Amino acid sequence: MMASHQVTMEKTSARKESSVWQGVEQGPEDPILGVTVAFNKDNHPDKVNLGVGAYRTEEGKPLVLDVVRRAEAAIVADRSVNKEYLPIIGLASFCKLSAQLILGADCPAIVEKRTTTVQCLSGTGSLRVGAEFIGKHYHQTIIYIPDPTWGNHNKIFPLGGVSVRKYRYYDPATRGLDFQGMMEDLHSAPSGAVVLLHACAHNPTGVDPTPEQWEQIRRLIRSKKQLPFFDSAYQGFASGSLDRDAAPVRSFAGDGGEMLIAQSYAKNLGLYGERVGALTFVCGSPDVAKRVESQLKLVIRPMYSNPPGHGARIVEAVLSDKQLFQDWTVELKGMADRIITMRHKLFDALKQKGTPGRWSHIVKQIGMFTFTGLNKDQVVFMTKEYHIYMTADGRISMAGLNSKNVHHLAEAIHAAVTRRS
Ligand code: PGU
């Protein structure tokens, strides 16, 4: 008989030396969510996380909106709410209200019943379901995405069988839109190609087309018979107004053409972890919309079966109750305004220090992010020396700034620019 310690040793070494996953390589951290992982490991008292696009209060704390708390209290108190499975496409009233929120209740496509909406797992899940549908049911499996764009776009679409190409979007020289480059690239993109458009508050650049430019983009895309796929992750965060931020999407829906829209409630209702979003198809006829919906169910069912209920019930409550909706718009505007205030504070602080370079883009850019123009080396320097965390492309989440840490950031930028250029 073997001594028991020998058995234990053999087991331990077996565990160490052989695994069917022996060949699995260590994967890299996510370029955005990995910033939070690094931030959490840092014990410095002055550390600042400007990586992930998540709203923080003036006290630097995550915010649960008051309207969300009220909606949740009502849901918990309602004994008729249960934990049954939702339908494959989610909560019907949530879907209807979501389409109305982005398209406007009087949108002809809604009135004519040419839309179909499915509840998905936030913006990411909506894009993922849309990608797979395109891969399966659309004749052109190429999507054009802006350069640069939210990094996950590059990964989501190929998984749905849709290959990704880029169109020019940002001009580093002006720190603004490369409108001519964008138009040229869309013009030479094949007819029928899918075109991904950020509905507002472009991530990571904070640069949006003007209404006139949107009009030209719309005409070009329609004339080329391309298929617009809007990613709407920041409705209300750009201008502070839900309607104004939805204007580009509404103009495309208003021309009678077809399109897709992925909506997220992560930012505008602060429901990040609840994973609540919607995917809407605007179709040519009610009949097509019905068949599209039937095929969306076949995409969703083997993927995650059906979506979670809680977040969708919160959204449903806020969107369907006049008072809650009204109070939401006030809270949303409050978040957007606080971010704008931070833009001015940062700009003023850099100006006061005489930091070399032009910084007016900080106040000009829109939404949650500033694309600072700082390079990778400067970002690494700021993290190492000042414990400021941001993505390697020089993007900072303005929502992570407050009156206390904005000067620390200005100091770090000043040092990075003067010492690491
Ligand atoms: N689309 C865009 C343009 C986004 O910026 C984001 C989130 C999403 C979709 C997906 O958001 P959901 O949470 O799935 O609704 N971008 C943030 C959040 C972190 C991340 O990368 O997911 C960001 O910091 O870029």
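User: Hi! Before we get to the ligand, what counts as a polar contact here?

Analyst: Hello! A polar contact is a pair of N or O atoms within 3.5 Å. Keep in mind that this is a predicted model.

User: Thanks. How far is the side chain of Asp231 from a nitrogen atom of the ligand?

Analyst: The distance is 2.6 Å, taken from a ligand nitrogen to an N or O atom in the Asp231 side chain. That pair counts as a polar contact because the cut-off is 3.5 Å.

User: Nice. And what about Lys267?

Analyst: Lys267 places a polar side-chain atom 3.4 Å from a nitrogen atom of the ligand.

User: Which part of Gly53 faces an oxygen atom of the ligand, backbone or side chain?

Analyst: The backbone: one of the polar backbone atoms of Gly53 is 2.7 Å from a ligand oxygen.

User: How much of the ligand does the protein bury?

Analyst: The protein buries 93% of the 530 Å² that the ligand exposes when taken alone. As for its location, the ligand sits in the largest pocket.

User: Cool. Which residues come nearest to the ligand?

Analyst: Out of 19 residues around the ligand, the nearest are Ser122, Thr124, Asn203, Asp231 and Ser264. By class, the shell splits into 8 nonpolar, 7 polar and 4 charged residues.

User: Where does the shell come from, in terms of helices and domains?

Analyst: Helix 6, residues 122–137, gives the largest share, with 3 residues. Domain 1 (29–63 + 334–419) and domain 2 (85–320) each supply at least three residues to the shell.

User: Switching to the backbone: which peptide bonds are cis?

Analyst: One of them runs from Asp147 to Pro148, with omega near 0°. Another links Asn203 to Pro204, and its omega is near 15°. Asn203 also appears among the residues nearest to the ligand.

User: Where are those prolines?

Analyst: Pro148 is in the loop between strand 3 (142–147) and helix 7 (153–159). Pro204 belongs to the loop between strand 7 (194–198) and helix 9 (211–223).

User: Last one: what is the phi of Arg275?

Analyst: Phi is positive there, about 55°, although Arg275 is not a glycine. Arg275 lies in the loop between strand 9 (259–264) and strand 10 (277–282).

Notes. Residues are numbered from 1 along each chain as its sequence is written. This is a predicted model: local features need pLDDT of at least 70, side-chain atom pairs count only at pLDDT 80 or more; totals for chains, interfaces and linings use all residues. Side-chain values use heavy atoms; hydrogens and water are left out. A residue is near a molecule or strand if one of its heavy atoms lies within 4 Å of it. A polar contact is a pair of N or O atoms within 3.5 Å; within protein, one must be able to donate a hydrogen and the other to accept it, and residues adjacent in sequence count only if both atoms are side-chain atoms. Accessible areas come from the Shrake-Rupley method with a 1.4 Å probe; for residues, only the protein chains shown count as cover. On a 1 Å grid over the protein atoms alone, a cavity is a set of points where a 1.4 Å probe fits but cannot get out, and a pocket is an open set with protein on both sides within 12 Å along at least five of seven lines; lining residues have an atom within 4 Å of a point. A molecule sits in a cavity or pocket if more than half of its atoms lie within 2 Å of its grid points. Helices (H or I, at least four residues) and strands (E, at least two) are DSSP runs, numbered from the N terminus. Ala, Val, Leu, Ile, Met, Phe, Trp, Tyr, Cys and Pro count as nonpolar, Asp, Glu, Lys and Arg as charged, and the others, Gly among them, as polar. Domain bounds come from an automatic or database domain assignment.
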